[in-house]
Amino acid sequence: MAPTKQKHAPTRQAITLKGSTALVTEFFKFAANTILFQRGVYPADDFHMVKKYGQTVLVTQDLALENYLDKILKQVNQWLLTGSITQLVLAIISKDSRTPLERWVFDINLVEPPAATESPQAASAKPESEIQAEIRNILKQIVSTVTFLPVIDEPTVFNILAYTKESVDVPANEWVDTDPLAIEASKSQQVKLRSFSTDVHRIEAMVAYRYEG
């Protein structure tokens, strides 16, 4: 009688804090580029197409903007590693009046580790393909927001705000306490966007926009 052979699936390793931080930081880079392109903050000619997450995304070719985003995301990466950052906001502002027109808000939460009593199946690692599919859906949703967001027919600029825990070490020469660039409640509409999560982080997204009615 021939011995039976058992098939063993490879164990999927849970993503590390460093790996999750890299994924989240990269997502912020592509989300920011997508927002700046879709909302016309920079000319369309400043962007070029790249393949990412199984789809085409647009990335700036403006060196000054690219360097600015890289510098910000380098710090965000450090804050993610230490669990110090709780929210990242990209605010679009009227260039002339400085009135906040839109706030793209990304809440950053740490995923609770599974209880020690849970079975290995319940604590199984989330496939990276599933994470990328969730990110792909958020980026597609950002693109689709042009169907309901008010048309911006004036020159705009943007600012990125980081909300951190009080105990965090903030480089004084790079980050300053600033106006939250909030939109008055009576003129603000909010739309919750999709979310994505790794085994370490969960990112909840929403957009608030000025609506004169």
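Aromatic pairs number 9 in this structure, which is a predicted model. Two of them are described here, each with one ring in helix H1.

**Phe27 and Phe196**

Phe27 and Phe196 form an edge-to-face pair. The ring centres lie 4.9 Å apart, with 65° between the planes. This pair links distant parts of the chain. Phe27 belongs to helix H1 (residues 17–38). Phe196 belongs to strand E6 (residues 188–197). The two residues are 169 residues apart. Phe27 counts as buried because its relative accessibility is 0%. Phe196 also has 0% relative accessibility, so Phe196 counts as buried.

**Phe30 and Tyr53**

The rings of Phe30 and Tyr53 have centres 5.7 Å apart. Their planes meet at 80°, over the 60 degrees cut-off, so this pair is edge-to-face. Here too, distant parts of the chain are linked. Phe30 sits in helix H1. Tyr53 sits in the loop between strand E1 (47–52) and strand E2 (55–60). The separation is 23 residues. Phe30, at 5% relative accessibility, counts as buried. Tyr53 is buried with a relative accessible area of 3%.

| Pair | Centre to centre | Angle between planes |
|---|---|---|
| Phe27–Phe196 | 4.9 Å | 65° |
| Phe30–Tyr53 | 5.7 Å | 80° |

**Around the pairs**

Phe27 and Phe196 also belong to one aromatic cluster with Phe28 and Phe106. Tyr53 has a charged contact: the charged end of Lys52 sits over the Tyr53 ring. That charged end is 5.5 Å from the ring centre.

Methods
Residues numbered from 1 in each chain as written. Predicted model: local features only at pLDDT ≥ 70, side-chain atom pairs only at ≥ 80, totals over all residues. Heavy atoms only, no water. Phe/Tyr/Trp six-rings, centres within 6.5 Å; stacked < 30°, edge-to-face > 60°. Helix = DSSP H or I, 4+ residues; strand = E, 2+ residues; numbered from the N terminus. Buried < 20%, exposed > 50% of the residue type's maximum accessible area, 1.4 Å probe, protein only. Lys NZ or Arg CZ within 6 Å of the ring centre and 35° of its normal.
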